Amino acid sequence: MENELRLAVLIDADNAPRTALREIMAEVAVYGSATIKRIYGDWTAPNMGSWKPLLLEHAITPFQQYSYTTGKNATDSAMIIDAMDILYSGNCGGFVLVSSDSDFTRLATRLREAGMKVYGMGEKKTPKPFIVACDKFVYIESLKAAEKAQPPAAGKSAKKKAPAPAEAESPALSVQELIAQSVEDLADEDGYAYLGDLGTLLIKKQPDFDARNYGFAKLSKFIAALEGFELDERHNAKYQGTQVFVRNKK
């Protein structure tokens, strides 16, 4: 698309799982066009060889960064310096920082101060400061789980059922409160909030909010599985489609 957001994808090879690279790049495509794709690490290390076929598959450029001192992560510094160079080049409108390292917290904050959109991707062990420094943060475990939950190909039977509402409700009690309050913030005179606006507000309040964290591919299905909410589908003649609205049950 002509107005698609141009993104710089910067990957910390020391703190990113290589087995999830395909899912990571598929997720990036949701947010915009990956104009720059770079990965940083010490490629002379024996354990880095398995990255090569994956990088070729996704046309990601490896950047060499030697580990000058034991216990110090030189990769962080190289990635941060490159990010600032890209920022000042003016060629991108946003960044995707793939790492579970809190050292990139200040970088994310600085990029957002400069008007950049910042998406973070990391494992669930990622420290909270880095998560909240991003506009949106996606857990890599959720991407992997969503991939495994895709419908089977024709002729194959599904082996795993979708999570039942009760299974989703238990770990989501505090999230349910977050949703209820956000619905209240956006509600019209009838108490309804547009689902699209609700999703945007939830991510603003909690950057790592994602329905996939609870086993659901879409926010509407997650909310429908929770107690305490009413969904209303309305036909929109202007856009030739259906819009979903949410209301807290009285």
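What is the volume of the second largest pocket? I looked this up in a predicted model, and the second largest pocket comes out at about 610 Å³.

**Entry 1: the pocket and its lining**

I began with the residues around the pocket and found that 25 of them line it, with Tyr31, Lys136, Gly199, Ile203 and Phe209 lying nearest its centre. I then asked which elements give two or more residues to this lining, and the list reads helix 1 (21–31), strand 5 (117–122), helix 9 (195–205) and helix 10 (219–225). Helix 9 provides the largest share, with five residues. Sorting the lining of the second largest pocket by class, I noted 13 nonpolar residues, three polar ones and nine charged ones. For my own orientation I kept in mind that rolling a probe the size of a water molecule over the atoms shows where empty space is left.

**Entry 2: isoleucine 203**

From the residues nearest the centre of the pocket I picked Ile203, which sits in helix 9. Is isoleucine 203 buried or exposed, or does it fall in between? Its relative accessibility is 21%, and buried would require a value under 20%, so isoleucine 203 counts as partly exposed. I next looked for its contacts beyond the neighbours within four places in sequence, and these are Asp135, Lys136 and Phe209. Lysine 136 caught my attention, since it lies 67 residues away from isoleucine 203 in sequence while the C-alpha to C-alpha distance is 6.3 Å. Lys136 and Phe209 also appear among the residues nearest the centre of the second largest pocket.

**Entry 3: the sheet of six strands**

I turned to the strands, recalling that strands of a sheet pair through backbone hydrogen bonds, either parallel or antiparallel. One open sheet holds six strands in the order 3-2-1-4-5-6, and its pairing is parallel. Strand 3 (61–64) and strand 6 (136–139) each have a single partner strand, so both stand at the edges and have one side left without a neighbour in the sheet. Averaged over neighbouring strands of this sheet, the turn of one against the other is 20 degrees, direction ignored. As a detail I checked strand 1 (residues 6–12) against strand 2 (residues 33–41), and the two run parallel over seven bridges; within strand 2, lysine 37 is the residue that stands opposite valine 9.

**Entry 4: the sheet of three strands**

A further open sheet has three strands in the order 7-9-8, with antiparallel pairing. Strand 7 and strand 8 are its edge strands, each pairing on one side only, and neighbouring strands of this sheet are turned by 35 degrees against each other on average, direction ignored. Helix 9, already met at the pocket, packs on this sheet, where it touches strand 7 and strand 9 and makes an angle of about 75 degrees with the direction of strand 7.

How many bridges join strand 7 and strand 9? I count three between strand 7 (residues 192–194) and strand 9 (residues 241–248), in the antiparallel sense, and alanine 193 stands opposite valine 246 of strand 9. Strand 8 (residues 229–236) pairs with strand 9 over eight bridges, likewise antiparallel, and there glutamate 230 has arginine 247 in strand 9 as its bridge partner.

**Entry 5: two alanines**

Alanine 59 went into the notebook on account of its backbone, as it shows a positive phi of about 55 degrees although it is not a glycine. Most residues other than glycine have a negative phi. Alanine 59 belongs to the loop between helix 2 (52–58) and strand 3, and at 53% relative accessibility it counts as exposed.

Alanine 83, by contrast, is buried, with a relative accessible area of 0%, and it is found in helix 3 (residues 74–89). Apart from its neighbours within four places in sequence, alanine 83 is in contact with Leu10, Phe95, Leu107 and Leu111. I also recorded that alanine 83 and alanine 8 are 75 residues apart in sequence, with their C-alpha atoms 8.2 Å apart in space.

**Entry 6: the whole protein**

Last, I noted the totals: the protein has 10 helices and nine strands, and buried residues make up 44% of its 250 residues. Of the contacts with a separation of 6 or more, 60% are between residues 24 or more positions apart.

Note on methods:
Residues numbered from 1 in each chain as written. Predicted model: local features only at pLDDT ≥ 70, side-chain atom pairs only at ≥ 80, totals over all residues. Heavy atoms only, no water. 1 Å grid on protein atoms, 1.4 Å probe; cavity = no way out; pocket = protein on both sides within 12 Å on 5 of 7 lines; lining within 4 Å. Points joined across faces, edges and corners; volume = space filled by probe spheres on them. Helix = DSSP H or I, 4+ residues; strand = E, 2+ residues; numbered from the N terminus. Nonpolar A, V, L, I, M, F, W, Y, C, P; charged D, E, K, R; others polar. Buried < 20%, exposed > 50% of the residue type's maximum accessible area, 1.4 Å probe, protein only. Contact = heavy atoms within 4.5 Å. Pairing = 2+ DSSP bridges. Axes fitted to C-alpha atoms, helices over the stretch in contact; angles between N-to-C directions.
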